[in-house]
Amino acid sequence: MHPLAQRIQQKEERALAKAITLAENNGEDKLELLKSIYPQQKGAHWIGITGSPGAGKSSLVNRLISFLRKKKMTVAVVAVDPTSPFSGGSILGDRVRMADHFTDPGVFIRSMGTRGSLGGLSRSTKETVRLMDAYGFDVILIETVGVGQSELDIMKLADSVAVVLNPGSGDVVQVFKAGIMEIADLFVVNKADMPGVPKLLAEIEAMLDLVKHDSPYRPPVVQTISTENKGLHELWESLLTHREYLEKSGEGKERKLSNLKREVMEVVQHEIYQQVWKQEQKNGFSWLADLESGTTDPYTAAEEILLKRMQPADGKQK
């Protein structure tokens, strides 16, 4: 067993932080660590919270943490921020809004960058959630960058996905265009004390009527005013109801198997890429001069790299 995995099993928070950093930086022994912690996972409730900037996601997460802590539940948060194209670090750092919980031993908060992932969630985010689960948190909240076509990755990770909207922003049309209606397990109308709530609720229900769902489950719409702690109980009850539905209907098992299949192929893809990159780096990118002179093209160069990789040690084509 990996030493960090042993320490995580003993609930050492420092070990968890080190393990997440190892996953983020793609350390050499990362796979050994992940293999060690996989059987240790406790079955936490993975909740994705997404929505456009300004919808109040971070404030909602902050109040939801307090709500869950009053129920004596431990909470981990992954706040996924846009990655700086210059430093590679996350830009905003939503932990600023969650400063009240920094000294709470029952809460662990980590900000992470998207690292250029088009889906809004990098591989290291998924690995971080697994590490948090192995540590033993009851609930893991994954707050993502914003809503849109690039945010669909959250459905490949979370058990339940909550899409946060607020009245007067025109979000619902964009959400419908982006296909988020199909992946939302519930909708949260935050800032429900603002004008335009009835109109927004009617729009969401109308959109839900148009979307064909394969299951009998219809995503509920919950109204919250996070700044006043209103609607949090209803939000949590809706999340529990959805989790119960996943267990009883068998949809949860289907999702898990689909996600595991995808995750295995992502690991294979990443590891092959790393091996090929190191090999070509060692060879000094021998095809680069031909590319620069125009005597070859990227596709031919890539094809030759693949053909070389497919040849066994004896030089015979597989």
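**Note on the largest pocket and the α9–α10 contact**

1. The largest pocket in this predicted model has a volume of about 650 Å³. Its lining is made up of 24 residues. Those lying nearest the centre of the pocket are Ala44, Trp46, Asp159, Gly252 and Lys256.

2. Which elements give two or more residues to the lining? They are α5 (123–135), α9 (232–249) and α10 (251–282). Of the elements, α10 gives the most to the lining, with nine residues.

3. By residue type, the lining of the largest pocket holds 13 charged residues, seven nonpolar and four polar.

4. Where does the pocket lie with respect to domain 2 and domain 3? Residues of the lining come from both domain 2 (41–249) and domain 3 (261–310), so the largest pocket lies between them.

5. Two of the lining elements, α9 and α10, also pack against each other, at an angle of about 85° and with their axes 5 Å apart. Angles of 65 to 115 degrees count as roughly perpendicular, so α9 is roughly perpendicular to α10.

6. On the α9 side, the contact is made by His242, Tyr245, Leu246 and Ser249. On the α10 side, Glu251, Gly252 and Arg255 take part. The residues of this contact divide into three polar, two nonpolar and two charged. Gly252 appears in both settings: it belongs to the contact, and it is among the residues nearest the centre of the largest pocket.

Technical notes
Residues are numbered from 1 along each chain as its sequence is written. This is a predicted model: local features need pLDDT of at least 70, side-chain atom pairs count only at pLDDT 80 or more; totals for chains, interfaces and linings use all residues. Side-chain values use heavy atoms; hydrogens and water are left out. On a 1 Å grid over the protein atoms alone, a cavity is a set of points where a 1.4 Å probe fits but cannot get out, and a pocket is an open set with protein on both sides within 12 Å along at least five of seven lines; lining residues have an atom within 4 Å of a point. Grid points are joined across faces, edges and corners, and a volume is the space filled by probe spheres set on the points. Helices (H or I, at least four residues) and strands (E, at least two) are DSSP runs, numbered from the N terminus. Ala, Val, Leu, Ile, Met, Phe, Trp, Tyr, Cys and Pro count as nonpolar, Asp, Glu, Lys and Arg as charged, and the others, Gly among them, as polar. Domain bounds come from an automatic or database domain assignment. Axes are lines fitted to C-alpha atoms, for helices over the stretch in contact, and angles run from 0 to 180 degrees between N-to-C directions. Angles under 35 degrees count as roughly parallel, over 145 as roughly antiparallel, 65 to 115 as roughly perpendicular and the rest as oblique. Contact means heavy atoms within 4.5 Å.
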